[in-house]
Amino acid sequence: IRRRAQAELAHENQLGEDCYTWLQFQEKCYDEAPYQYLSWGGSPVEDMLEVVLGFAVLACFGIVAPAMAVAALVTQLVEYRLLTIRMTHITCRPFPAISKGIGVWNDVLEAIVNIAVAINGMIIVFLMRTPMDQWCLRDKFCFFSAWTLSLIFFRVLLRNLLPDQSVEVLQTEDDNNDFVLKLRAKLHK
């Protein structure tokens, strides 16, 4: 898109027409590749889905090949960089939308973690070579159930014991609110 815009700009310069301003260039990028579903500019759903799927594969099957974590790190860094380049050079300026966190994707990630606990437990008990290979199927299933339930219980326990926000974040929010109140009071005097 940038090359096409530069070619059009060069053609217009030959014809003696005005050049694109940076804002006009960004508007042209947005017209050609908007940040919406099924477009060349991508979309929040498609971008987040790629990241979440990479995490899901690593969380569920990383125990089979631990070296896969290194490859996943490299590929995720490349993917993030490519998304950044696309966002700044192709889509340019998608309309900003206010959001608190990642929204429903947080629930999706929690579900993936819970499923990964079960899948990893199954892989350890039923597929990997361990001393449990000599156990009967009933004992393996009991161990798998205990493993999965204990890890999920541990996650729930940690989630309930640890605060959603750290003390520093809460203190900073209080300080910001106090500042805003003082600023409003000075402005209304």
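Contact here means heavy atoms within 4.5 Å. With that in hand, the overall architecture of this predicted model can be described. Among contacts in the chain between residues at least 6 apart in sequence, 57% join residues at least 24 apart. The chain holds seven helices and zero strands, and from the N terminus on its elements run α-α-α-α-α-α-α. Of its 189 residues, 21% count as buried. The chain exposes about 14400 Å², of which carbon and sulfur atoms supply 66%.

Helix α3 is a convenient place to begin. This helix covers residues 44–61. At 1.5 Å a residue, its 18 residues should span 26 Å, and the end C-alpha atoms are indeed 26 Å apart, which agrees. The buried residues of α3 are D47, V51, V52, A56, A59 and C60. What covers these residues includes α4 (68–91) and α5.

D47 deserves a closer look, being a charged residue of α3 that takes part in a salt bridge with R86 (2.6 Å, N to O). R86 lies in helix α4 and D47 in helix α3, so the pair ties together parts that are 39 residues apart in sequence. Both partners fall under the 20% cut-off for burial: D47 has a relative accessible area of 10%, and R86 one of 15%. Leaving out residues up to four places away in sequence, D47 touches Y35, G42, L83, R86 and M87.

The α5 side of this arrangement can be followed through N120, which lies in helix α5 (residues 104–127). N120 counts as buried because its relative accessibility is 16%, under the 20% limit. Apart from neighbours within four places in sequence, N120 is in contact with A59, C60 and I63. Of these contacts, A59 and C60 are themselves among the buried residues of α3.

The structure holds three salt bridges, including the D47 and R86 pair described above. Another joins R159 and E110, with the closest N and O atoms 3.5 Å apart. This pair links distant parts of the chain, with R159 in helix α6 and E110 in helix α5, 49 residues apart. R159 is partly exposed at a relative accessible area of 39%, and E110 is partly exposed at 26%. In a further salt bridge, the side chains of D139 and R138 meet at 3.7 Å, N to O. Here D139 is partly exposed, with a relative accessible area of 30%, whereas R138 counts as exposed at 59%.

Aromatic contacts complete the picture of the interior and its margins. A search of the whole structure finds four aromatic pairs. In one of them, the rings of F141 and F144 have their centres 6.3 Å apart and their planes at 45 degrees, so the pair is tilted. F141 and F144 are three residues apart in helix α6 (residues 137–161) and are therefore separated by about one helical turn. Their accessibilities contrast: F141 is partly exposed, with a relative accessible area of 48%, while F144 counts as buried at 12%. Ring pairs link F126, F141 and F144 into a cluster.

Finally, there is a nonpolar patch on the surface. F153, F154, L157, L158, L161 and L162 form this patch, and together they have about 610 Å² of accessible area. One of its members, L158, is found in helix α6 and is partly exposed, with a relative accessible area of 34%.

Conventions
Residues are numbered from 1 along each chain as its sequence is written. This is a predicted model: local features need pLDDT of at least 70, side-chain atom pairs count only at pLDDT 80 or more; totals for chains, interfaces and linings use all residues. Side-chain values use heavy atoms; hydrogens and water are left out. Helices (H or I, at least four residues) and strands (E, at least two) are DSSP runs, numbered from the N terminus. Buried means under 20% relative accessible area, exposed over 50%, partly exposed in between (1.4 Å probe, protein chains only). Rings of Phe, Tyr and Trp (its six-membered ring) pair if their centres lie within 6.5 Å; planes under 30 degrees apart count as stacked, over 60 as edge-to-face and the rest as tilted. Accessible areas come from the Shrake-Rupley method with a 1.4 Å probe; for residues, only the protein chains shown count as cover. The expected span of a helix is 1.5 Å times one less than its number of residues. Patches are made of residues with over 30% relative accessible area and no salt bridge: like charges are joined within 9 Å, nonpolar side chains (Val, Leu, Ile, Met, Phe, Trp, Tyr) within 5 Å. A salt bridge is a side-chain nitrogen of Lys or Arg within 4 Å of a carboxyl oxygen of Asp or Glu.
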